[in-house]
Amino acid sequence: MITRQRLAAGICALLATLTAGVAFPAGAVADETDSTASPKVELVLDVSGSMSAKDIDGGSRMAAAKQAFNEVLDATPEEVQLGIRTLGANYHGNDRKTGCKDTAQLYPVGTLNRTEAKTAVATLQPTGWTPIGPALLKAADDLNSGDGTRRIVLISDGEDTCQPLDPCEVAREIAAKGIGLTIDTLGLVPDAKTRDQLSCIADATGGTYTSVQHKEELSDRVGQLVDRAADPVVTPVATEGTAQCTSAPTLKSGLYTDREEFGKQRFYRVDVDPGQELRASVSVGADREVNPDYGVLLRAVTVHGREIVRGEGTGNGRTDVISTGLRYPKAESDDDNAPAETVCLQVTNSFSAASGVKTTPGLPLELTVDVVDGPSKASDVASFGLGRGWWLLAALVLTGFVAGLLWGWLSRWRLAVWRTN
């Protein structure tokens with residue numbers, strides 16, 4: 001029995017060693033990144049009286065927001081400087097002029113002390129008005145210093161109650177300053193007017209709008225937005241696709257934005273030289289209420305309309321963005337002067353607007369194009385569709401061979417002992 005246990009332990013150790021050798025090849029080191037300015041995020045929370053409504057998973061909207069904040073604070077990356085601002089948290093009265101000035105920085109933007117931030121959030125109680133416009137102006141001032149990514153994440157359950165300071169106009173003014181600040185908005189059980197206003201705020205600065213009905217959705221989405229602030233900044237280029245490939249714009253490698261009408265198609269052209277590979281992906285977002293069951297199709301076709309390859313994505317109404325992608329390797333040519341092939345990228349969506357929802361402008365579209373050198377014949381990472389799985393396959397074959405030898409040796413040894421006894 002002891003001999004079996006030792007043998008089993010030896011085999012497990014051998015498997016672990018082989019697996020480690022595959023997962024971490026000799027000479028592999030962690031990527032080194034250049035030091036950059038710390039990304040900054042300010043969470044702006046609506047603490048108006050309506051946040052006491054109990055319609056999110058049986059609890060109040062305020063309780064859901066507090067839970068989301070606590071989870072996000074625990075998971076905030078170390079490099080992110082985070083702050084918290086409130087609106088409608090301190091004034092209990094009915095004077096509109098005073099209530100519309102009720103915005104305060106609960107926790108300053110800087111290195112995060114999770115305990116202090118959680119303690120500050122725990123004291124919040126639904127109180128007053130909804131001065132979204134003034135809160136956004138103050139939040140922009142909180143982040144208007146230094147370089148690096150800057151994001152405002154606004155969480156609200158209602159319209160601004162401090163007109164005529166239109167929060168959409170405030171967002172446009174912030175975008176016009178050119179300070180690279182993005183506003184993302186989340187609506188807690190929003191009605192149509194709230195949804196339109198929050199969507200407008202996000203659109204003005206290139207941000208995103210998300211409708212939230214459940215606590216887990218709120219925590220996940222806020223966490224995603226905070227994490228996104230730590231990603232490298234890539235500025236998308238606005239482009240305008242066409243209904244036909246012949247008149248479509250020619251794109252280089254990069255990130256592009258466009259708008260596409262409901263149920264329509266857009267064409268873009270990309271030149272691919274022999275020996276290169278085209279990699280493309282597209283995301284189409286529902287920035288307003290849409291009917292469930294929708295999809296997006298990305299096709300690479302020739303200038304004559306013949307399909308080369310396609311990618312498809314579908315949704316059922318549970319997400320506000322649907323994405324897909326494709327890859328097309330262009331074979332090498334014996335002719336050094338062979339011309340590039342013009343590939344037409346066709347983007348088609350099957351979204352349909354809900355009853356009474358405006359269909360203009362079109363849905364926001366984000367297209368990534370990457371033209372890279374294709375794999376060489378000597379090191380084709382896509383051979384037989386296995387890609388880099390060849391390494392894993394080789395390791396499994398070697399492991400099986402060694403394990404078979406050990407098992408055969410053990411069987412012969414046991415047989416010899418049996419015959420001797």
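This report walks through the core and two surface patches of a predicted model.

## The nonpolar core

Let's start inside. The largest nonpolar core has 32 residues, and those touching the most other members are Leu43, Leu45, Ile155, Leu186, Leu218, Val222 and Val226. Several elements each put in at least two residues: strands E1 (40–46), E2 (81–87), E4 (150–156) and E5 (181–188), together with helices H2 (61–75), H4 (114–122) and H8. Helix H2 chips in the largest share, with seven residues.

As background, nonpolar side chains tend to be buried together in soluble globular proteins.

## The negative patch

Now to the surface. Asp57, Glu71, Glu216, Glu217 and Asp220 form a negative patch there. Helix H8, which spans residues 215–229, gives the most to this patch, with three residues. So H8 turns up twice in this tour: it supplies at least two residues of the core, and it gives the most to the negative patch.

Take Asp220 as one of the patch members. Asp220 sits in helix H8. Its relative accessibility is 49%, so it counts as partly exposed, given that exposed means over 50%.

## The nonpolar patch

There is also a nonpolar patch on the surface, made by Leu398, Phe401 and Leu405 and covering about 320 Å². Leu405 belongs to helix H9, residues 389–420.

Is Leu405 buried or exposed? Leu405 is exposed, because its relative accessible area is 52% and the cut-off for exposed is over 50%.

Definitions and conventions
Residues numbered from 1 in each chain as written. Predicted model: local features only at pLDDT ≥ 70, side-chain atom pairs only at ≥ 80, totals over all residues. Heavy atoms only, no water. Patch = residues over 30% accessible without salt bridge, like charges linked within 9 Å, V, L, I, M, F, W, Y side chains within 5 Å. Areas by Shrake-Rupley, 256 points an atom, 1.4 Å probe, with all protein chains shown as cover. Salt bridge = Lys/Arg side-chain N within 4 Å of Asp/Glu carboxyl O. Lys, Arg positive; Asp, Glu negative; His and termini not counted. Charge placed at Lys NZ, Arg CZ, Asp CG, Glu CD. Helix = DSSP H or I, 4+ residues; strand = E, 2+ residues; numbered from the N terminus. Buried < 20%, exposed > 50% of the residue type's maximum accessible area, 1.4 Å probe, protein only. Core = buried A, V, L, I, M, F, W, Y, C linked by side-chain atoms within 4.5 Å.
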